[in-house]
Amino acid sequence: MTRELLTGTLALALLAAWPHAQQPPQQPPPAVPQQPSEIVTTISGDSSGAPPRLAVPDFIPLSADAETAAVAKTIGEVLWDDLNYEREFAFIPRDVYATIPKATSFNDVPFDRWRELNADGLVVGTVQKIATGFHVEMRLYNVRTKQPVYPRQYDGGANARLYAHTMSDEIHKSQRGLNGVARSKLTFDSDRDGERMSNTVQTRNIKEIYIADYDGENQKRVTVGRTLNITPRWSPDARSIAYTSYRRGGANIFISNIFVGTLEEVTKGDKVGENWLPAWSPDGSKVAFTSTRDGNPEIYVANRDGSGVRRLTNHPGIDISPTWSPSGTQIAFTSDRSGSPQIYVMDAAGLGLSKKTSESYCDKPTWSPAPFNEIAYASRNGPGYDIKVLDLATGHVRQLTFGEGTNESPAFAPNGRHIAFMSTRSGKSQVFTIASDGKNLKQITRSGNNEKPDWSK
Amino acid sequence: MTVRQAVIVCAVVCAGAAACGKKTPPVARPMPPPPPASSSNPARPPAPPEPVNEPTIVPPEPVRDDAISSASLDDLNKNSPLKPVFFELDSSDLGAAGQKVLDENAGLLKRYPTWIVTIEGHCDDRGTAEYNLALGERRAIAARAYLVSLGIPADRLRTVSYGKEFPFDPGHDEAAYSKNRRAHFVITAK
């Protein structure tokens, strides 16, 4: 089959599998500063150093129709969840808001009532239906001064959650200097469709690659291999997903450009052995992976188009699960050369090897983004695994899970403050997220088995 | 050979053929000779029919050959004559039991020299999903290397690892785990 035919088939199938494919998949409304001369100030808490206390009531519908009302309500709820996720603000609980008169515009906000609830900041927003969708305005007020410290406005479609995610990221950036993750996405493999692999006499459920918003909403299937498609990894620009696919019989590395519907093969030909676990270099130009092309599982790196393959490890043991350092100068991986699987680090040329763990069994290292310098991994605890985080500067290891089911395949959020992983604590294999201090556990998937998550950069 | 022995031989042949597969199509086989006359008539048993030794000239192999040769790949793989090899936890060592199974599989592969076989490496879910991909490959490669050492051409033996993605038994106890740590043989061409 030619490349053109193959990609054309995938594009058609993607369109069929993805009801929203005819729309641009990403439609972040262009954010327009309300005033070109706007001076951004920040809300602070009281003098004790406590985090600022925010209130986020439902947005105000300026159009009378039900859709506008629904969008306004959803934006308020999702924005509250998004801001709460990073724990940079304290929140006045939503159930208290009912005691305060609802504003009908920016002109009748009852600041004094919010002040009575000790609010430092107040998010007020309006939603208006326009010909092309919605016009949304948001103002973060300093409740004491009654002045808007961070006003924004957006025009876009009916995706209420995307307005909220965008506002959350912008509020975190302007107020806390933090890169929020509200617009980031997860990917994972899933057998939820219950489709059988063809040409096998034993019952074998296929797995396909899915994506979801960071909070688990908008879960969508993005592959149609009808085979085993596993270990997805977001490209640094979050436009492509590299993964391990058995569509050729053996395991090979493929790249799906999910917003275009094209497919690329990184490992091609009859002599390439088995190939698993792609890992993008931070600049997106290279892919590290494990291959048996020379007879034994070793770490290789290739250009994105499959050219320039270079072997980085050379040991009769198993070398697998590569992950790049944020600068792209080092690669961490798993090797059993000491007798059991442990985490090692080498430079990107395969030199300067150093062993980082000496536990029972460690696998799936995932290197944190800067400025953190940490490696998260799965560590055997007896019957299963727990997620641990190694601080490379100090050697200190902190544990995030404690034997609730088995916990594997950690992946850092783009800001390094959260980790996605697979856990069986609720029964089947499901994707969870957890803050990198072990707090704020959140279940992302619930249907079928969902494993090997990755988080967009 | 006595009549009694002939009956036993015949029974063994039939049982052997039946064991080759539940889906074995009916194959013409010689009827066993009539049973010996009842002892209730001991005085003058009728002379046994002449061809007492006839069943022994029916070779069992053609029957088995026909059953296997005529089966579709799916039917063949459903109750495969190539038996799986099982492994210990975290190990790709064949062990004596594994070698014995492979000795028998090698015999079949020599008897059916056109077969192309994929050896699938599988793991239980006590290893991680990622490392198990390599461990399963190790198991498949170990089985292939042993078969090659017995004279099976390497190009008839492909390997693939499914890690812990396709457990044979979805359970979470040692009984299930021990079935899942395996090298499974699939005949892909014959």
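Hi everyone. By a helix I mean a DSSP run of H or I at least four residues long, with helices numbered from the N terminus. With that settled, let me walk you through this structure, which is a predicted model.

I'll start in chain A, with helix 4, residues 160–176. Its 17 residues reach 24 Å from the first C-alpha to the last, close to the 24 Å expected at 1.5 Å a residue. How many of those residues are buried? The count is 13 of the 17, so helix 4 of chain A is largely enclosed by the rest of the structure. Just after this helix comes Gly177(A), and its phi is positive, near 65°.

Staying in chain A, let's look at a sheet. It is open, has four strands in the order 11-12-13-14, and the pairing is antiparallel. Which strands stand at the edges? They are strand 11, residues 229–234, and strand 14, residues 262–265; each has a single partner strand, so one side of each is left without a neighbour in the sheet. On average, neighbouring strands here are turned by 30° against each other, direction ignored.

Take one of those pairings in detail. Strand 13, residues 250–257, meets strand 14 of chain A in the antiparallel sense over four bridges. If you want a residue pair to find on your screen, go to Phe254(A): its bridge partner in strand 14 is Glu265(A).

Strand 12 of chain A, residues 240–248, holds a residue I'd like to pause on, Arg247(A). This arginine is partly exposed, with 18 other C-beta atoms within 10 Å. Leaving out residues up to four places away in sequence, Arg247(A) touches Gly225(A) and Thr227(A). For a sense of distance, Arg53(A) lies 194 residues from Arg247(A) along the chain, and their C-alpha atoms are separated by 52 Å.

Now over to chain B, which also has a helix 4, here residues 95–111. At 1.5 Å a residue its 17 residues should span 24 Å, and the end C-alpha atoms are indeed 24 Å apart, which agrees. Where do its buried residues sit? Gly98(B), Val101(B), Leu102(B), Asn105(B) and Leu109(B) are the buried ones. They cover an arc of only 100° around the axis, which puts them on the same side of the helix. As a reminder, an α-helix has 3.6 residues a turn, so residues three or four places apart point the same way.

What do these buried residues pack against? Their partners in chain B are strand 1 (85–86), strand 2 (116–122), helix 5 (129–149) and strand 4 (182–189). On the face turned away from the buried side, helix 4 of chain B carries the exposed residues Ala96(B), Asp103(B), Gly107(B) and Lys110(B).

Ser92(B) is in the loop between strand 1 and helix 4 of chain B. Buried or exposed? Ser92(B) counts as buried, with 22 C-beta neighbours inside 10 Å. Setting aside residues up to four places away in sequence, Ser92(B) touches Phe87(B), Leu135(B), Arg138(B), Arg139(B) and Ala142(B). Leu147(B), 55 residues from Ser92(B) in sequence, is 15 Å away in space, C-alpha to C-alpha.

Last, the two chains together. In chain A, 27 residues are in contact with 18 residues of chain B. The elements giving two or more residues to chain A's side are strand 15 (275–280), strand 19 (319–324), strand 23 (362–367), strand 27 (407–412) and strand 31 (450–455). By class, that side of chain A has eleven nonpolar, eight polar and eight charged residues.

Thanks, everyone. I'm happy to take questions.

Technical notes: Residues are numbered from 1 along each chain as its sequence is written. Chains are lettered from A and ligands numbered from 1 in the order in which they are written. This is a predicted model: local features need pLDDT of at least 70, side-chain atom pairs count only at pLDDT 80 or more; totals for chains, interfaces and linings use all residues. Two strands pair if DSSP finds at least two bridges between them. Axes are lines fitted to C-alpha atoms, for helices over the stretch in contact, and angles run from 0 to 180 degrees between N-to-C directions. The expected span of a helix is 1.5 Å times one less than its number of residues. A residue is buried if 20 or more other C-beta atoms lie within 10 Å of its own, exposed if 12 or fewer, and partly exposed in between; C-beta atoms are placed from the backbone. The arc is that of the directions from the helix axis to the C-beta atoms. Two residues are in contact if their C-beta atoms, placed from the backbone, lie within 7 Å. Ala, Val, Leu, Ile, Met, Phe, Trp, Tyr, Cys and Pro count as nonpolar, Asp, Glu, Lys and Arg as charged, and the others, Gly among them, as polar.
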